[in-house]
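Visitor: Please take a close look at the interior of this model, and describe in one connected account how its parts are held to one another.

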Amino acid sequence: LLPMLAHVRRDILNPAHAIGFPDAEPAEIHHFFPVSWCANNKHLGLRSVGDEGANLPQSIVNLIPLSRSSNNVWKSKHPSQVVMERNISYDEISGILSAAFIDREAFGLATGPNADAVAFWNHRARSYGDALMQLLRGAE
């Protein structure tokens with residue numbers, strides 16, 4: 001979580017808006033797939049608090065730095081709905097997304113026509129793992 005917070009300096013929904021210290025509006029950690037959306041879509045194989053198995057909606061792979069104002073826009077919407085409403089493309093915010101361990105493939109898994117939250121989370125988990133391994137190798 002710390003590497004993501006340290007590297008994301010711009011807001012996803014408003015890239016001109018800086019977030020994080022020492023800016024006026026600090027970065028906050030919010031859910032990429034909102035927990036309420038996940039709870040309402042358990043038929044997609046999503047697990048939540050109290051379910052057996054992994055609680056991916058509450059895990060680090062579902063967290064993203066956003067400004068409070070952007071989270072208020074995002075709220076309970078599926079990521080593809082937000083992307084469509086705001087006319088966001090990966091290329092426009094690739095630097096912000098890659099700093100949050102969301103590459104082009106992950107973005108497509110979350111927002112494409114066949115969006116799949118579980119596939120997004122699994123892909124993002126691999127990205128986190130790869131980054132952690134690189135950090136550990138660099139510390140040797």
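Guide: Two residues are in contact when heavy atoms of theirs lie within 4.5 Å. Among contacts in the protein chain between residues at least 6 apart in sequence, 67% join residues at least 24 apart. The model is predicted, with a mean pLDDT of 82 for the protein chain, and 81% of its residues reach 70 or more. Helix α1 (residues 2–7) has the lowest mean pLDDT among the elements, 55, whereas α6 has the highest, 95. Where pLDDT is low, the predicted coordinates should not be read in detail.

The protein chain contains seven helices and two strands, arranged along the sequence as α-β-α-β-α-α-α-α-α. Of its 140 residues, 39% count as buried. The exposed surface of the protein chain is about 7,700 Å², of which carbon and sulfur atoms supply 55%.

The interior may be approached through the largest nonpolar core, which has 28 residues; Ile12, Phe32, Phe33, Ile102 and Phe120 are those with the most contacts inside it. Two or more residues of this core come from each of α2 (35–39), β2 (63–66), α4 (79–86), α5 (90–99), α6 (104–111) and α7 (117–138). Helix α7 gives the largest share, five residues. In soluble globular proteins, nonpolar side chains tend to be buried together.

Phe120 is a useful point from which to view the core. Leaving aside residues up to four places away in sequence, Phe120 touches Phe32, Phe33, Val61, Ile102, Ala106, Leu109 and Ala110. Phe120 also belongs to one aromatic cluster together with Phe32, Phe33, Trp37, Trp74 and Trp121. Within that cluster, Phe32 counts as buried because its relative accessibility is 2%, below the 20% cut-off. Phe33, at 0%, is buried by that criterion as well.

The model holds eight aromatic pairs. The rings of Phe32 and Phe33 are edge-to-face, since their planes stand at 65°, with the centres 5.9 Å apart. Tyr90 and Phe107 make a tilted pair, with 5.6 Å from centre to centre and 55° between the planes. Because Tyr90 lies in helix α5 and Phe107 in helix α6, this pair ties together parts that are 17 residues apart in sequence. Both Tyr90 and Phe107 are buried.

Tyr90 leads to helix α5 itself, where Ile93, Ile96, Leu97 and Ala99 are buried along with Tyr90. An α-helix has 3.6 residues a turn, so residues three or four places apart point the same way. After α5 comes Phe101, with a positive phi near 65°.

Charged side chains add further links, and the model has three salt bridges. Asp91 pairs with Arg104, their closest N and O atoms being 2.5 Å apart. This salt bridge links helix α5, which holds Asp91, to helix α6, which holds Arg104, across 13 residues. At 53% relative accessibility, Asp91 counts as exposed.

Glu28 and Arg68 form another salt bridge, at 3.0 Å from N to O. Since Glu28 lies in strand β1 (residues 28–31) and Arg68 in helix α3 (residues 68–74), the pair ties together parts that are 40 residues apart in sequence. Arg68 counts as exposed, with a relative accessibility of 51%. A salt bridge also joins Glu85 to Lys77, with 2.7 Å between the closest N and O atoms. Glu85 is partly exposed at 44% relative accessibility, and Lys77 is partly exposed at 21%.

Methods
Residues numbered from 1 in each chain as written. Predicted model: local features only at pLDDT ≥ 70, side-chain atom pairs only at ≥ 80, totals over all residues. Heavy atoms only, no water. Core = buried A, V, L, I, M, F, W, Y, C linked by side-chain atoms within 4.5 Å. Buried < 20%, exposed > 50% of the residue type's maximum accessible area, 1.4 Å probe, protein only. Helix = DSSP H or I, 4+ residues; strand = E, 2+ residues; numbered from the N terminus. pLDDT = per-residue confidence, 0-100. Areas by Shrake-Rupley, 256 points an atom, 1.4 Å probe, with all protein chains shown as cover. Phe/Tyr/Trp six-rings, centres within 6.5 Å; stacked < 30°, edge-to-face > 60°. Salt bridge = Lys/Arg side-chain N within 4 Å of Asp/Glu carboxyl O.
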